[in-house]
Amino acid sequence: MESLRDIQPLKFPGIDDGAPVIIAGPCSAETELQTLDAARALSAIGVKVFRAGIWKPRTMPGCFEGVGDVGLQWLQRVKSETGMAVATEVATVEHVRAALDAGIDILWIGARTSANPFAMQDVADLLKGHDEVTVLVKNPVNPDLELWMGALQRIHNAGITRLGAVHRGFSSAGQHIYRNDPQWHIPFELRRHAPGMTLLCDPSHIGGKRQYVEQLSQIALDTGFDGLMIESHCHPESALSDSAQQVTPGMLKEILDRLIVRSGMPVDDDLMLLRQQIDDCDHELLAVLARRMSVAREIGRFKKSQNLRVVQPARYQDMIKARLDEAESLGLMPEFIERLMQAIHEESVRQQLKLLE
Ligand code: PEP
Ligand code: MN
């Protein structure tokens, strides 16, 4: 089994090595005219890869579920008229078969499909022998790095070498600013496991509103993503899906013009010195954590000898509150410290429970 480490960066015609790849197009192909209008306008602003969903996985039945196979002909027209490469979402073997027959250049696997290993395996089996096609795997809806890596591995095992990943954020309960929580550490971890693989960001589905597309795109470029997949529609307000997050081709041009592409090659002595300081801080943090866990185990042995419960809720409440107060006075973000203290406490509890086994 080849490892994800062997995956090489994707090359796209018309895009220089190292320049961010921009994939843009409507959430859904709705009519032939709407698809071609978007494609012409996007091609005119320099976009080289066009996206449009024709089979749409929607949460609720009764919503617009895509135009289906007829959309493939519209994508073929986009390709022949504008010269752009074309991309669409596939979720089933029927979709893959139809898209391959139609000569679609890039197939992407959506977040609901990459969460399902059976579906992924079916798609992978059908892709065997089709190493001409490029496959992009979006992260699964749930924040599970292994599931994402497993989905990529299935496609890789099928012999697909033109393989990349798209970060589109993760579903989470409750109301948040963004539609899908970015949890940036997950794509960063993916990059650690597959350093050469092209990693794109989809700020449209993370943000869920067009006003967030630019800031999320800048974060993505500043954190080493290789490109962006952005939804763009000539009349977003009347789009049949994801209306609130699509930008017009004109807006997209403005966003792209404002985005700053920074160097990925730090060779600066000042930066090296600052990084040394970070390394020193991390060494201290780890030493303190080791000491804290050793004290926690000592407390655990004491609780065991006294027949006391491992978790004492009142003490936990007091501890978190005291740490949050202290964090505030040190200018640390309370949400961050709360998550950190919860994780540390959880590990202390785990270690104390082990003593009771
Ligand atoms: C899409 O790209 O339109 C789409 C459905 O994306 P996701 O799978 O990220 O929800
Ligand atoms: Mn969409």
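**Reading a metal site, a glycine and a surface patch**

Q: Let's start with His205: is it buried or exposed?
A: Buried means under 20% relative accessible area. His205 comes in at 8%, so it's buried. Keep in mind that this is a predicted model.

Q: Which protein donors does the manganese ion (ligand 2) have?
A: To read a site like this, look for N, O and S atoms within 2.8 Å of the metal. Here you'll find Cys27 through SG, His205 through NE2, Glu231 through OE and Asp242 through OD, at 2.0 to 2.4 Å from the ion.

Q: What spacing do the donors of the manganese ion (ligand 2) follow along the chain?
A: The pattern is C-x177-H-x25-E-x10-D. Take one pair: His205 sits in helix α8 (residues 203–207) and Asp242 in the loop between β8 (227–231) and α10 (249–258), so the two tie together parts 37 residues apart in sequence. Asp242 has a relative accessible area of 17%, so it counts as buried.

Q: Where is the place of Gly53, and what does Gly53 touch?
A: Look in the loop between β2 (49–51) and α2 (70–82). Leaving out residues up to four places away in sequence, Gly53 touches Pro26, Cys27, Ser28, Ala29, Thr88 and Trp108. Gly53 counts as buried because its relative accessibility is 0%. Cys27, one of its contacts, is also one of the manganese donors.

Q: Which residues make the nonpolar surface patch?
A: Leu330, Leu332, Met333, Phe336 and Leu340 make a patch of about 480 Å². Leu340 belongs to helix α13 (residues 334–355), and at 37% relative accessibility it counts as partly exposed.

Note on methods: Residues are numbered from 1 along each chain as its sequence is written. Chains are lettered from A and ligands numbered from 1 in the order in which they are written. This is a predicted model: local features need pLDDT of at least 70, side-chain atom pairs count only at pLDDT 80 or more; totals for chains, interfaces and linings use all residues. Side-chain values use heavy atoms; hydrogens and water are left out. Helices (H or I, at least four residues) and strands (E, at least two) are DSSP runs, numbered from the N terminus. Buried means under 20% relative accessible area, exposed over 50%, partly exposed in between (1.4 Å probe, protein chains only). Contact means heavy atoms within 4.5 Å. Patches are made of residues with over 30% relative accessible area and no salt bridge: like charges are joined within 9 Å, nonpolar side chains (Val, Leu, Ile, Met, Phe, Trp, Tyr) within 5 Å. Accessible areas come from the Shrake-Rupley method with a 1.4 Å probe; for residues, only the protein chains shown count as cover. A salt bridge is a side-chain nitrogen of Lys or Arg within 4 Å of a carboxyl oxygen of Asp or Glu. Donors are N, O and S atoms within 2.8 Å of the metal (3.2 Å for Na, K and Ca); water is not among the atoms, so sites may look incomplete.
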